[in-house]
Amino acid sequence: MTRPALPEHGVSWGRLKPQMESLAEGDFDWRAGRLALYVFDAGDEVRAVVKDAYAMFMTENGLGPAAFPSLRRMEDDVVGFGLSLLGAPEGACGDMTSGGTESILMAVKTCRDYWRAKDEAKRTEIVVPQSVHPAFNKAAEYLGLTVKRVPVAGDFTADVNAMAAAVGEHTMMVVASAPCFPYGVIDDIEGLSRLAIDRDIWLHVDACVGGYFAPFARMNGVNLSPFDFALPVCGRCPPTCTNTATRPKAHPRCFTDPLRCASIKFSALAIGPPAIWSRPPWRAQDPAAPSQRPGR
Ligand SMILES: Cc1ncc(COP(=O)(O)O)c(C=O)c1O
């Protein structure tokens, strides 16, 4: 394939738009229900609101919350809504991210840094059911960690006993899904929470799919076991949780960590532990920002 060169001359939107429309002719027709993946559509009305709202603020940049308090306010609202839907206690906090993968990356980084700060840098292993999203392997690869994938039980949920047997002195975190992507089932999160408490390690609940769905299912009478911050917390290890809202792609990653979030350094910036990174001296604006993407 020849590499396309930047055209010498621009074209008008009148010519460009039909070109883009014809490019879309080869795409799956998700509007007609021809696609089970990738597009999370809530119908014409919601789509119109999302488009309008996105267009209103697509030029402003979250890198500058002081310049754009509107963006800060909306992010705070979304994070706050997520925290209350998930029953988070006082002192819990969260960030906006670009999606599930970034949320998982930041949660794993927060956990890794937690153990390093405790002088337990030997904890470099994450124990997960076979069914968890590959983003945990990506995070581990980026952060110099390893993942132990444990076969699931006969009903496709996490096998808590097998995971308990896999946890060792290097384990920093166990993971559960609510629900997992391949089978759509919610793991025995109470069981994994007990395991995390017994072994004094972190529990991360990947609720990328269920975080904004399961709370409403419960409100509508579906009998769901606790999967969120209602779970008991062990002495030093907070449960963490990811969840996803309607796109354009951005969603909060929530975690409880009352001690650090209450520290003035972070509560003043309204950001959470993942923003802890060694910022070099730099003459432009302070690059402190929640999550991995300052500009958004
Ligand atoms: C359970 C679960 N975790 C993580 C992810 C990754 O999310 P993203 O594709 O937004 O990075 C997905 C994506 O479908 C998912 O279903």
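What span should the 14 residues of helix α2 (residues 44–57) have at 1.5 Å a residue, and how far apart are its end C-alpha atoms? I looked this up first and found that α2 should span 20 Å and that its end C-alpha atoms are 20 Å apart, which agrees; the expected span is 1.5 Å times one less than the number of residues in the helix.

Before going on I noted the ground rules. This is a predicted model, in which local features need pLDDT of at least 70 and side-chain atom pairs count only at pLDDT 80 or more, while totals for chains, interfaces and linings use all residues. Residues are numbered from 1 along each chain as its sequence is written. Helices (H or I, at least four residues) and strands (E, at least two) are DSSP runs, numbered from the N terminus.

**Helices α2 and α3**

I then checked how well α2 is covered, and the helix is hardly covered, since the count of buried residues among its 14 residues is zero. Here a residue is buried if 20 or more other C-beta atoms lie within 10 Å of its own, exposed if 12 or fewer, and partly exposed in between, with C-beta atoms placed from the backbone.

For helix α3 (residues 69–85) I repeated the span check: its 17 residues should span 24 Å at 1.5 Å a residue, and the end C-alpha atoms are 24 Å apart, which agrees. I found Glu-75, Val-79, Gly-82 and Leu-83 buried in α3. They cover an arc of only 100° around the axis, which puts them on the same side of α3; the arc is that of the directions from the helix axis to the C-beta atoms. An α-helix has 3.6 residues a turn, so residues three or four places apart point the same way. On the other side of α3 I listed Pro-69, Ser-70, Arg-73, Asp-77 and Ser-84 as exposed. After α3 comes Gly-87, whose phi is positive, near 65°.

**Strands and crossovers**

I turned next to strand β4 (residues 171–177), which is mostly covered, as seven of its seven residues are buried. Strand β2 (residues 125–129) pairs with β4 in the parallel sense over three bridges, where two strands pair if DSSP finds at least two bridges between them. In this pairing I noted Glu-125 opposite Thr-171 in β4. β4 is also joined to strand β5 (residues 202–207) by five bridges, and these two run parallel; the partner of Ser-177 there is Asp-206 in β5.

I followed the chain from β4 through helix α7 (residues 189–199) to β5, and the three make a right-handed β-α-β unit. A crossover is right-handed if, with the strands pointing away from the viewer, the path from the first strand over the helix to the second runs clockwise. A second right-handed unit of this kind is made by β2, helix α5 (residues 135–143) and strand β3 (residues 146–150). β2 and β3 pair in the parallel sense over five bridges, and Val-128 has Arg-149 in β3 as its bridge partner.

In α7 I looked up Ala-196, which is buried, with 28 other C-beta atoms within 10 Å. Its C-alpha atom is separated by 9.0 Å from that of Ala-164, 32 residues apart along the chain.

**Backbone angles**

Most residues other than glycine have a negative phi, and most peptide bonds are trans. I therefore noted that the peptide bond from Ala-178 to Pro-179 is cis, with omega near -5°, and that Pro-179 is found in the loop between β4 and α7. Asp-119 has a positive phi, near 60°, and is found in the loop between α4 (100–117) and β2; with 7 C-beta neighbours inside 10 Å, Asp-119 counts as exposed. Phe-156 has a positive phi of about 75° and lies in the loop between β3 and α6; Phe-156 is partly exposed, with 17 other C-beta atoms within 10 Å.

**Around the ligand**

Last, I listed the residues surrounding the ligand, among them Gly-99, Gly-100, Thr-101, His-133, Ser-177, Cys-180, Asp-206 and Cys-208, where a residue is near a molecule if its C-beta atom, placed from the backbone, lies within 6 Å of it. By class I entered five nonpolar, five polar and one charged residues in this shell; Ala, Val, Leu, Ile, Met, Phe, Trp, Tyr, Cys and Pro count as nonpolar, Asp, Glu, Lys and Arg as charged, and the others, Gly among them, as polar.
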